[in-house]
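Trainee: Got a minute to go through this one with me? I'd like to start with the backbone and then look at the packing.

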Amino acid sequence: MRKRDKSETNREIMTALALILQIGLAILICMAMSLGIGYYLDKLFGTRFIILIFMVIGFLASIRSMLILTGRYHPGEKSVDKDAPESPDEEDNDL
């Protein structure tokens, strides 16, 4: 069994802790900003339901930012059909 380098292990631990901290801060900021905007709009219009709408928006935004940080979601990336040829010239190569 191969021994692991101590500095490599420490670097992996620090990278994991940084990712956890970054995810926590992203969730906190998304929720706090959306709740703040919802609270302000409720006070401005004298309602009580806008904060609930913004709480749901903040929850969804925090999940989206968590997925982006973990690399499971790439916004703006088009899905490519793997079976389709990349260019029309590839179809004619069978001649």
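**Helices, packing and surface**

Trainee: What phi does G46 take, following α1?

Mentor: Keep in mind that this is a predicted model, where local features need pLDDT of at least 70 and side-chain atom pairs need 80 or more, while totals for chains, interfaces and linings use all residues. Numbering runs from 1 along each chain as its sequence is written, and side-chain values use heavy atoms, leaving out hydrogens and water. As for G46, it comes after α1 and has a positive phi, near 70°.

Trainee: And what about G71, after α2?

Mentor: G71 sits just after α2. Its phi is positive too, about 85°.

Trainee: How many helices and strands does the chain have?

Mentor: We're going by DSSP runs, numbered from the N terminus: H or I of at least four residues for a helix, E of at least two for a strand. On that basis the protein chain comes to zero strands and two helices.

Trainee: How far apart are the end C-alpha atoms of α1, given its 40 residues?

Mentor: The expected span is 1.5 Å times one less than the number of residues. For α1 that gives 58 Å, and the model agrees, because the end C-alpha atoms are separated by 59 Å.

Trainee: What does α2 reach from its first C-alpha to its last?

Mentor: α2 covers residues 50-70. With 21 residues it should span 30 Å, and the model comes close to that, reaching 30 Å.

Trainee: On how wide an arc do the buried residues of α2 lie?

Mentor: Buried means under 20% relative accessible area, exposed over 50%, and partly exposed in between (1.4 Å probe, protein chains only). In α2, I50, G58, S62 and S65 are buried. Take the directions from the helix axis to the C-beta atoms: these residues share one side of α2, because the arc is only 105°.

Trainee: Which helix is among the cover for those residues?

Mentor: It works both ways. The buried residues of α1 are I23, A26, S34, G38 and D42, and their cover includes α2. For the buried residues of α2, the cover includes α1.

Trainee: Which residues does S65 touch, leaving out those up to four places away in sequence?

Mentor: S65 has a relative accessible area of 16%, so it counts as buried. Contact means heavy atoms within 4.5 Å. With that cut-off, S65 touches A26 and C30.

Trainee: How far is Q22 from S65 in space, C-alpha to C-alpha?

Mentor: Q22 lies in helix α1 and is partly exposed, at 43% relative accessible area. Q22 and S65 are 43 residues apart in sequence, and their C-alpha separation is 10.0 Å.

Trainee: What separates the C-alpha atoms of I53 and S34?

Mentor: I53 is in α2 and counts as partly exposed, with 43% relative accessibility. Along the chain I53 and S34 are 19 residues apart; in space their C-alpha atoms are separated by 9.1 Å.

Trainee: What share of the 95 residues is buried?

Mentor: Start with the accessible surface (Shrake-Rupley, 1.4 Å probe; for residues, only the protein chains shown count as cover). The protein chain has about 8500 Å² of it, with 64% belonging to carbon and sulfur atoms. Buried residues come to 9%.

Trainee: What share of contacts with a separation of 6 or more joins residues 24 or more positions apart?

Mentor: This share is taken over the contacts in the protein chain. Residues 24 or more positions apart account for 45%.
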